[in-house]
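Let's take a walk through this one, starting from a single detail and working outward to the whole chain.

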Amino acid sequence: MIRKAMKGNVSLIAGSIMVSITFALLILSFIWTPYDPLAVNADDSFAGISMRHILGADKIGRDILSQIIVGSRVTLFVAALAVTIAMTLGVSAGIIIAIASRKYQSPMIYAVNIALAFPAALLAIILAAIYGASTITAVAAIGLATAAAVAQVTRRTAHGILASDYVLAAHASGASTWRIIRKHVMPNLRASLLIQASAVVSVSVLAESSLSYLGLGTPPPAPSWGRMLAGSQQYLFVNPLLAIWPGIAIVIVVLGFNLVGDGVREVFDPTLRRIDS
Amino acid sequence: MSLLEVNNLTIAFGNKKVVDSISFSLDKGARIGLIGESGSGKSMTSLAIMGLLPDTATVSGSITFEGQELIGLSDRDHSRLRGNRIGMVFQEPLTALNPLMRIGKQIAGPLMIHKGQSLKAGLENALELCIKVGLPDPDRILRAYPHQLSGGQRQRIGLAIALACDPALLIADEPTTALDVTVQQEVLNLINTLVQEERSSLVFVTHDLPVVAAMTENVAVMQLGKIVENASVATLFHAPAHEYSRRLISAARSAEDSFSGKGAHQ
């Protein structure tokens, strides 16, 4: 089944490799790192690529490779939690609004639009002020903010599905609303949901990086790719490698999940399949 | 007592009446054709019987089916009739099937909903229904997705779904309009045979006069939401009472004449 899905599906193959690399880093972070990622060594300040530090070292001599490996924990935690929050809230809100009667629909759509207009950074500041800045407050802010976008897209797509002939035909067969949601709306939403989920992964990884940079996310010294990137900024011309490594890591995660989302959509949609089952 | 009785049925969207106090009745096993141009209210009438009008529509009058008043019936009670006592075939056979669900499950659907059958039992019955509607290689078709079938095959599936629970009434809403001409005749013959075999009543909605003449014994001609003439097919053809009926017939005749080479050239 997996082999058949992979066949000729370049997005899925490339995406799976990239996502696997990230997960391999996550597992590795619990088993082994070349150095303690927090160990400071003044002698190695701005060390270049060498046998001693494969990817070099930062200003205070911390090993970059070790930080990248351990930083994958924050990134994948952020991605998983943000997707869970955004998809659970967004999809249920979107479907509820789509099936609600006309009278309740427009106030709910307004509510979603207001939530959509509310800046995620402001929400992150509020949450950080109340609960203290941490990865969790950053992710909660990202999740809530993207949930509104997911709700809006879900509502529109679900609305189109509910207006389709096959839903009318299902009604004509005596199907209940609940059965129609389960058997007709959800499967036909699936492709759009996958795209949204992979977009949420990308957005949340990037947003966590910026929030950490602003001091509203993962607090130091715990390594985070976003903060590594932010920290490298002042030395960009002196030591560009410092920015390149976390940058590459972020690109691999974001691109990997996007490609997987794209590839899986192709597997799920029978009309896009090249070989008919 | 008649199976279906429609009395002074009026359907309006805001101030606009799309169906204007129409009445007709249908005995058990009888057939009626609803004919008219698009916008004449014929499809709205069939949706009203099914209880599938959009909630922006206001409906008044009365529709009784098997002695039960359908107007004002709760959606829950109405859904017990839909697909069970009343089956419906739609105009566009591709869009009326869920593109992501295998055909077998779609045919088994009404059986699972109304007869409480398991998926396995439903699929076994779906296989028999496929044979009944004349589909070749039913095993393959049950596993196929809608886009893998031809238009005619899809409409046969639509018919299998509508007839799965042996309904007392079949509503066919322009079931052949979207099909190739050669396939049209096959599907019409199939509907004819099946309705006869099942002893169901038939409401046949169309804008095509020759089609309705082949399918039903009575025709209600609709124009702008009103039934302007309700007569037997023979009466309608030989002595049409209403101006609009005459226009329909002459249009059908001239199409036939030009086809047989008589028309304008002579």
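L4(B) has L26(B), in β2(B), as its bridge partner. Keep in mind that this is a predicted model. The strand β1 of chain B covers residues 4-13, and it pairs with β2(B) in the antiparallel sense over seven bridges.

Step back a little and those strands turn out to belong to an open sheet of four, running in the order β2-β1-β4-β5 in chain B, with antiparallel pairing. The edges are taken by β2 (16-26) and β5 (68-69) of chain B; each has a single partner strand, so one side of each is left without a neighbour in the sheet.

Now zoom out to the full chain. Chain B contains ten helices and ten strands. Its C-alpha atoms fill a box of roughly 55 × 50 × 35 Å along the principal axes. How does the radius of gyration of chain B fit with a compact globule? For 266 residues such a globule would come out near 18 Å, and chain B has 19 Å, which agrees. Of those 266 residues, 45% count as buried. Among contacts in chain B with a separation of 6 or more, 64% are between residues 24 or more positions apart.

A couple of backbone oddities are worth a look too. D137(B) has a positive phi, near 55°, without being a glycine. You'll find D137(B) in the loop between α4 (119-132) and α5 (138-143) of chain B, and it counts as exposed because it has 9 C-beta neighbours inside 10 Å. R199(B), also not a glycine, has a positive phi of about 55°. This residue lies in the loop between α7 (181-198) and β8 (201-206) of chain B. With 10 other C-beta atoms within 10 Å, R199(B) is exposed.

How values were computed: Residues numbered from 1 in each chain as written. Chains lettered and ligands numbered in written order. Predicted model: local features only at pLDDT ≥ 70, side-chain atom pairs only at ≥ 80, totals over all residues. Helix = DSSP H or I, 4+ residues; strand = E, 2+ residues; numbered from the N terminus. Rg over C-alpha atoms; globule rule 2.2 N^0.38 Å. Buried ≥ 20, exposed ≤ 12 C-beta atoms within 10 Å, placed from the backbone. Contact = placed C-beta atoms within 7 Å. Pairing = 2+ DSSP bridges.
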